[in-house]
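Work through the exercises below with the structure open beside you. Try each task before reading its solution.

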Amino acid sequence: MEPEIRTLVDISESKAALQSQADLTLERARWAASVFQRLDRERTQHIVDAVARAAHERAGHYAEWAVEETGFGVVEHKKLKNELTAIPFVDHYRQEDFVNPVVDEARKMVRVPRPAGVVMALTPSTNPIATVNFKVLMALMTRNAVVISPHPGARACCIDAVKTLAEAAYAAGAPDGCVQVIEQPSIPLIEEFMASPKTSVILATGGTAMVRAAYSSSNPAIGVGPGNAPVYVDDTADIPEAAKHIVDSKSFDNSVLCTSDSAVITLPEVDKKLRQSLKQAGAYLCDEDEVERLRRFLFHDRGFNVAAIGRDAIWIAQECGIRVPPKTRVLVAPFNHVGIEERMSREKLCPVLGYHVAKNRTQAMSQARAMLRLMGAGHSAAVHATDPQVVLDYARVVETYRVVVNAPCSQGAAGLQTHLAPAFTIGTGYFGRSSIGENIGPQHLIHWTRVAYNSDESVRFGDYQGVDPGFDGPLPRSPSDGVPGAGRETSQPRSARTAPPRDHGRDDGPLDKRTREELRRIIAEEIRNTLKGGL
């Protein structure tokens with residue numbers, strides 16, 4: 001049988017088909033965004049609240065589905081993350097006004113909100129549903145349309161979740177098409193979406209290759225780098241409490257959050273008590289032989305062993321031939337130095353925690369800084385100490401934009417157990433070769449036109465009381481000619497809208513059970529690339 005030969009005509013037609021598919025979806029989204037921007041704050045908040053409730057109600061269902069489909073994490077922890085990225089996330093921004101013009105009489109200025117338009121949002125396999133909730137709600141808060149591109153490893157659960165949120169938004173009064181999902185994502189198709197002039201901004205959460213592709217797309221992009229959080233335990237810390245926080249953090253969702261602790265760094269005078277406290281909190285301290293077994297299992301010539309991602313400590317120990325107590329939550333792997341040759345000082349998206357004893361406080365902070373220069377620059381770090389000077393010194397030394405104090409790093413840096421903004425996209429700033437250093441939020445999906453009057457006191461500032469903000473302007477023309485969903489009547493009252501019933505059964509589409517493990521290994525190559533380098 002002769003091999004199939006693709007001609008230039010075939011390739012051209014294939015590319016044209018992909019461009020057409022992307023163009024239809026984005027045109028529908030662009031129209032929806034135009035209509036959305038006619039809605040006032042009350043109607044916008046009504047839509048956001050309805051979608052948040054829908055996300056909260058199905059948090060457990062999608063947690064189970066995500067773990068089953070991807071093999072990553074812990075159901076009850078994913079349920080918690082799904083819930084926290086629903087109603088609590090909306091409540092965090094409830095007092096923020098991303099809709100109305102802001103009048104500053106003292107400076108004779110008016111700020112007019114300008115939503116991005118169409119947000120292209122890529123989601124990872126490690127935190128799939130929480131990231132879908134997070135990005136959809138951010139877009140809706142700022143009256144943007146969003147197109148979700150799910151990671152193929154979490155495709156089925158993400159498609160169903162996006163459709164659930166889209167139906168809730170439409171039923172609450174959102175324009176049809178403001179929340180969409182790419183149901184058959186492929187690299188060429190996603191490239192067409194990212195490069196299209198109809199895409200306003202790309203919100204990329206995932207592996208290094210994907211983030212780089214977003215930045216090179218010619219469209220504005222918000223991307224992030226990998227984590228590798230060092231955790232310094234000072235001699236002024238409450239040692240038992242610090243150990244509890246560290247184990248709680250590293251075992252949370254089997255350490256798939258990029259904000260999770262990578263290695264503990266401490267002092268000789270703290271070492272013995274900290275080891276004892278870690279054991280009491282559910283950690284297992286490995287000896288030299290066991291650490292070497294972990295190294296061989298976790299790190300291969302091609303990078304990190306993706307089979308270990310999101311697995312529990314007992315499973316990893318069994319794979320390495322290490323006997324541990326049945327309630328072990330974290331495996332602690334001591335190592336002697338930080339550096340490129342010590343693989344335990346790199347990011348590990350599993351409950352294996354590096355452990356290093358420095359000679360003194362100065363060296364401990366320098367080693368934490370070295371870990372982040374090796375990998376995870378700009379991301380996150382943690383410190384357990386009661387001396388404010390120690391905390392401030394540590395924050396000045398480490399090159400990160402989040403330093404969590406006396407709290408679990410996983411949950412703290414993500415804003416789940418601190419007052420940082422709750423986020424599942426963590427800006428790594430200039431240290432991490434990114435444009436944003438804070439936790440990503442809805443404020444990053446909107447810009448403001450500033451209307452500035454002459455500063456001369458003789459020039460009168462306008463009276464903007466009662467001025468029409470333009471929420472009921474002309475209705476943009478609806479897209480047609482084959483755009484999915486274009487036939488829906490957007491102008492009907494909210495009370496008349498009902499989303500069509502849909503079967504929420506788990507349909508994995510073309511993926512059968514036999515290929516799931518193979519797919520998991522192939523897809524996780526993206527994560528392996530992240531763990532090998534960074535941005």
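## Exercise 1: A helix pair

Task: find which residues of H6 meet which residues of H7.

Solution. On the H6 side, the residues are Pro128, Ile129, Val132, Asn133, Val136 and Leu140. They meet Cys157, Cys158, Ala161, Val162, Leu165 and Ala169 in H7. Sort these by class: the contact of H6 with H7 has eleven nonpolar residues, one polar and no charged ones. Keep in mind that this is a predicted model.

Next, take the geometry. Two packed helices are described by the angle between their axes and the distance between the axes. Helix H6 covers residues 128–141 and helix H7 covers residues 155–171. Their axes come within 10 Å and cross at roughly 30°. Angles under 35 degrees count as roughly parallel, so H6 is roughly parallel to H7. The crossing of H6 and H7 is right-handed.

## Exercise 2: A second partner for H7

Task: describe how helix H3 packs with H7.

Solution. Start with the numbers. H3 spans residues 59–70, its axis and that of H7 are 8 Å apart, and the angle is about 155°. Angles over 145 degrees count as roughly antiparallel, so H3 is roughly antiparallel to H7.

Now list the residues. H3 gives Tyr62, Trp65, Ala66 and Glu69. H7 gives Arg155, Ala156, Cys157, Asp160, Ala161 and Thr164. By class, the contact of H3 with H7 has six nonpolar residues, one polar and three charged.

## Exercise 3: The open sheet

Task: give the strand order of the open sheet of seven strands, then name its edges.

Solution. The order is E10-E13-E14-E9-E8-E15-E16, and the pairing is parallel. The edges are strand E10 (283–285) and strand E16 (403–405), each of which pairs on one side only. From one strand to the next, the twist averages 25°.

Look at one pair inside the order. Strand E8 (residues 229–233) and strand E9 (residues 261–266) pair in the parallel sense over four bridges. Valine 231 stands opposite valine 264 in E9.

Then add the helices. Helix H10 (residues 239–251) packs on the sheet and touches E8, E9, E10, E13, E14 and E15. The direction of H10 makes about 160° with that of E9. H14 lies across E8, E9 and E14, and runs at about 170° to E8.

## Exercise 4: The two faces of E8

Task: decide which residues of E8 are buried on each face.

Solution. In a regular strand the side chains alternate between the two faces of the sheet. On one side of E8 are Ala229, Val231 and Val233. On the other are Pro230 and Tyr232. These residues are all buried, and both faces of E8 are covered. The count agrees: five of the five residues of E8 are buried.

## Exercise 5: One histidine

Task: is histidine 379 buried or exposed?

Solution. First place the residue. Histidine 379 is in the loop between helix H14 (361–374) and strand E15 (381–384). Its relative accessibility is 1%. Buried means under 20%, so histidine 379 counts as buried.

Finally, find its contacts beyond four places in sequence. Histidine 379 is in contact with Gly225, Pro226, Gly227, Cys258, Thr259, Thr400, Tyr401, Arg402, Ile426 and Thr428.

## Exercise 6: The whole chain

Task: how many helices and strands are there in the chain?

Solution. The chain has 18 helices and 17 strands. Of its 535 residues, 55% count as buried.

Methods: Residues numbered from 1 in each chain as written. Predicted model: local features only at pLDDT ≥ 70, side-chain atom pairs only at ≥ 80, totals over all residues. Heavy atoms only, no water. Axes fitted to C-alpha atoms, helices over the stretch in contact; angles between N-to-C directions. Helix = DSSP H or I, 4+ residues; strand = E, 2+ residues; numbered from the N terminus. Parallel < 35°, antiparallel > 145°, perpendicular 65-115°, else oblique. Left-handed = near helix turned anticlockwise from the far one by under 90°. Contact = heavy atoms within 4.5 Å. Nonpolar A, V, L, I, M, F, W, Y, C, P; charged D, E, K, R; others polar. Buried < 20%, exposed > 50% of the residue type's maximum accessible area, 1.4 Å probe, protein only. Pairing = 2+ DSSP bridges.
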